[in-house]
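Let's take a look at some aromatic rings and a pair of helices. Have the sequence and the 3D view open as you read.

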Amino acid sequence: AAMAVGACALLRRVLRLHRSLPPALRALGDRYAKEEFRRHRAAPPAEAQRFLREWEASALRPPGRPNYAALIQQQINEGKENLREKTVYGIQLTEEKLNDFRDEQIGQLKELMDETTKLNKKISVSKDSKHKT
């Protein structure tokens, strides 16, 4: 129930943002977002709130720590302004952030990284060289 409040509107916003991504990245992003929202549908309220905060735009976020929606919007805008260079989508995860992930999340992150490396070489996806072991 906790996820129902605002989650549908947020997922629609994310999917609308994905429309501006290169086709292969859009398909991957849409699939990932839908799976993540589905996976967290029955999450306990505290976990659901944390999940939504990572995805939604919020004026309360610390400066320099954009959420997914704000980050993708910024990168899409930069890509439109700078047509001569490849746009890099995503962020590098700090070791601190990776250490906060559960083993299941690390597995999901690895799957996502594997999928992104299969994409067309015209798409650059930022990746971190340090992995949690």
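Tyr32, Phe37, Phe51 and Trp55 form one aromatic cluster. This is a predicted model, where local features need pLDDT of at least 70 and side-chain atom pairs count only at pLDDT 80 or more, while totals for chains, interfaces and linings use all residues. Residues are numbered from 1 along each chain as its sequence is written, and side-chain values use heavy atoms, with hydrogens and water left out.

The structure holds four aromatic pairs (rings of Phe, Tyr and Trp, the last by its six-membered ring, with centres within 6.5 Å). Phe51 and Trp55 make up one that is tilted (planes neither under 30 degrees apart, which is stacked, nor over 60, which is edge-to-face): the centres are 5.9 Å apart and the planes 45 degrees. Both residues sit in helix H3 (residues 45–55; helices are DSSP runs of H or I, at least four residues, numbered from the N terminus). They are four residues apart, about one turn of the helix.

Are these two buried or exposed (under 20% relative accessible area for buried, over 50% for exposed, partly exposed in between, with a 1.4 Å probe and protein chains only)?

| Residue | Relative accessibility | Class |
|---|---|---|
| Phe51 | 7% | buried |
| Trp55 | 7% | buried |

Now for the helices. H2 (residues 23–39) and H6 (residues 103–118) pack at about 165 degrees, with axes 11 Å apart (lines fitted to C-alpha atoms over the stretch in contact, with angles from 0 to 180 degrees between N-to-C directions). That makes H2 roughly antiparallel to H6 (over 145 degrees).

Definitions and conventions. Helix = DSSP H or I, 4+ residues; strand = E, 2+ residues; numbered from the N terminus. Parallel < 35°, antiparallel > 145°, perpendicular 65-115°, else oblique.
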